[in-house]
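Open the model in your viewer and keep the selection tool at hand. This tour goes stop by stop.

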Amino acid sequence: MTLAGGRKITAHCAAAFLLTFAADQASKFAVLRLGYSASFNSGVSFGFFSGAKPLTLTALNIAVAALLLFLAVSFARERGAAFRIGCGMMLGGAAGNLADRLFRGRVTDWLPLPFSDLFFSNGLWVNAADIFLILGSAALFFDIVKEIKWDS
């Protein structure tokens, strides 16, 4: 796929995006369809800004996705496969949560984190998109850090 200026989004990034988005949406569909326990988050991460207007949160989600797309397109040729896959996972995660906001008005979280109720009143719930956002961030971090020349 080619964008303006002839920059290519690599197959790594596109495949990671599609797989991440599909896994997130399929898992949320299954949880809702099968009636498993879920938590619905009308805010952002950890339920922050749950009182914010949906349009504000949607705009924030779109801005984050646009920034990730810019990073993926701008640095795809310079960085390694881990960077491109990480960008794809982060884009897929952002798109998955954006789709929830646009079509359900809130994000569906279905995986309660153990012991999180010690810190949060209802515990901390996440979804596949959140997991891929974290994994994608880690991939970017390690791709960048591996090139640092550490002085001893």
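Start by selecting Lys28, which sits in helix α1. The model is a predicted one. Is Lys28 buried or exposed? Lys28 is buried: its relative accessible area is 0%, and the cut-off for buried is under 20%.

Now show what surrounds it. Leaving out residues up to four places away in sequence, Lys28 touches Gly96, Asn97, Asp100, Arg104, Val107, Thr108, Trp110, Asn127 and Ala129. Of these partners, Gly96, Asn97, Asp100 and Arg104 fall in the range of α3, residues 81–104.

Zoom out to the whole chain. Colour it by secondary structure: four helices and four strands should appear. Going from the N terminus, their order is α-β-α-α-β-β-β-α. Next, colour by burial. The chain has 152 residues, and 36% of them count as buried. Add a surface. About 9400 Å² is exposed, with carbon and sulfur atoms supplying 70% of that area. For a contact map, take pairs at least 6 apart in sequence: 71% of those contacts join residues at least 24 apart.

Select helix α2 next, residues 54–75. Place a distance between its end C-alpha atoms; the value is 32 Å. The helix has 22 residues, so at 1.5 Å a residue the expected span is also 32 Å, and the two agree.

Stay on α2 and pick its buried residues: Leu57, Thr58, Asn61, Ala65, Leu68, Ala72 and Val73. Look down the helix axis. These residues fall within an arc of 140°, so they line one face of α2. Which helices does that buried set pack against? The partners are α1 (11–34) and α3 (81–104). Then turn to the face pointing away from the buried side. Leu55 and Phe70 are exposed there.

Next stop: the largest nonpolar core. Select Cys13, Ala65, Leu68, Ala72, Phe83, Cys87, Met90, Leu91, Ala94 and Leu140, 10 residues in total. Two elements, α2 and α3, each give two or more residues to this core. The top contributor is α3, with five. In soluble globular proteins, nonpolar side chains tend to be buried together.

Finish on Ala72, a member of both the core and the buried set of α2. Show its contacts, again skipping residues up to four places away in sequence. Ala72 touches Cys13, Cys87 and Leu91. Those three partners are core members too.

Methods: Residues are numbered from 1 along each chain as its sequence is written. This is a predicted model: local features need pLDDT of at least 70, side-chain atom pairs count only at pLDDT 80 or more; totals for chains, interfaces and linings use all residues. Side-chain values use heavy atoms; hydrogens and water are left out. Buried means under 20% relative accessible area, exposed over 50%, partly exposed in between (1.4 Å probe, protein chains only). Contact means heavy atoms within 4.5 Å. Accessible areas come from the Shrake-Rupley method with a 1.4 Å probe; for residues, only the protein chains shown count as cover. The expected span of a helix is 1.5 Å times one less than its number of residues. The arc is that of the directions from the helix axis to the C-beta atoms. A nonpolar core is a set of buried Ala, Val, Leu, Ile, Met, Phe, Trp, Tyr and Cys residues joined through side-chain atoms within 4.5 Å.
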